[in-house]
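Got the viewer open? Let's take a short walk through this one, one selection at a time.

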Amino acid sequence: MRRYVLENDLVEAIIALPTDMFYNTGISTYIWILSNRKPEIRRGKVQLIDASGFWQKMRKSLGIKRKELSEEHIAEITKLFGNFEVAERDGKPVSKIFRNEDFGYRTITVERSQRDEAGKIVLATRGKAKGQPVADASLRDTENVPLTEDVETYFQREVLPHVPDAWIDPEKTKVGYEIPFNRHFYVFTPPRPLEEIDAELQQVTDRILTLLDGLSH
């Protein structure tokens, strides 16, 4: 389904909502905006909007449903979609624009040679593959190559330096699409200094020792 809607340019935007938005499920929810009449500016592109931080706590929870969107949140999300541009909120990205093909990849099958007890490559003795190395199924592996990158270039750079006897079986190549939302919006947060953590641990230790000392008297 992802491949069909992206290759046919039907996706305008995908919006990530907060967790705990619906009764009895805490999983993240995504709104897909589809259209077969995309405006010129959106053609060939997909907008990702991270609205997972747009929420307010409900006054009374309904099962796992603890969060809701305010009118202001809805208006902000609508504005982000309407503007169709890269945007940040509180220093973090909330809107990004991608090409359809940025989400695509080819899964290539990497074969390696079967070897005999002496370590020599086993060659096929019949059929179309006669004289060619026989693939060892136990060493078979796959690699996902972005559609935006040449397969042979990727193979030469990422595979051959590690396994020189490898080759690609083109008949097994498949095309797929994925949209790793969290990866696109991940922002690295550096850890706190060790000195600060040690100081807090020391405070907790001192407090525990004081409590224990009080119990012993």
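Start by selecting Thr-25, which sits in the loop between β1 and β2. Keep in mind as you click around that this is a predicted model. Is Thr-25 buried, exposed or something in between? Its relative accessibility is 24%, so Thr-25 counts as partly exposed; the buried class would need a value under 20%. Now show what touches Thr-25: apart from neighbours within four places in sequence, the contacts are Asp-20 and Ile-64. For a sense of scale, add Tyr-186 to your selection. Thr-25 and Tyr-186 are 161 residues apart in sequence, and their C-alpha atoms are 23 Å apart in space.

Next, step back from the loop into β1, residues 11–16. This strand is mostly covered, with 6 of its 6 residues buried. Which way does β2 run relative to β1, parallel or antiparallel? The two are antiparallel, and 5 bridges hold the pairing. To see one of those pairs, pick Ile-14 and look across to its bridge partner in β2, Trp-32.

Now turn to β3, residues 45–50. Here β1 and β3 run parallel, joined by 4 bridges. Select Ala-16 and you can find its bridge partner Asp-50 in β3.

Time to colour the whole sheet. It is an open one, built from 5 strands in the order β2-β1-β3-β7-β6, with mixed pairing. The edges are β2 (30–34) and β6 (87–89), each of which pairs on one side only. Tilt the view to look at the twist, which averages 15° from one strand to the next. If you turn on side chains, here is a general point: in a regular strand they alternate between the two faces of the sheet.

With the sheet still coloured, select residues 71–83 to bring up helix α2. This helix lies across β1, β2, β3, β6 and β7 (92–99), and runs at about 155° to β3.

Last stop: helix α3, residues 151–158. Which of its residues are buried? Pick Val-151, Tyr-154 and Phe-155. Look down the axis of α3: the buried residues fall within an arc of 100°, so they line one face of the helix. What do they pack against? Show β8 (104–111), β9 (141–146) and β10 (167–168), and you have the partners. Before you leave, zoom in on the N-terminal end of α3, which is capped by Asp-150. A side-chain oxygen of Asp-150 lies 3.3 Å from the backbone nitrogen of Glu-152.

Conventions
Residues are numbered from 1 along each chain as its sequence is written. This is a predicted model: local features need pLDDT of at least 70, side-chain atom pairs count only at pLDDT 80 or more; totals for chains, interfaces and linings use all residues. Side-chain values use heavy atoms; hydrogens and water are left out. Buried means under 20% relative accessible area, exposed over 50%, partly exposed in between (1.4 Å probe, protein chains only). The arc is that of the directions from the helix axis to the C-beta atoms. Contact means heavy atoms within 4.5 Å. A polar contact is a pair of N or O atoms within 3.5 Å; within protein, one must be able to donate a hydrogen and the other to accept it, and residues adjacent in sequence count only if both atoms are side-chain atoms. Two strands pair if DSSP finds at least two bridges between them. Axes are lines fitted to C-alpha atoms, for helices over the stretch in contact, and angles run from 0 to 180 degrees between N-to-C directions.
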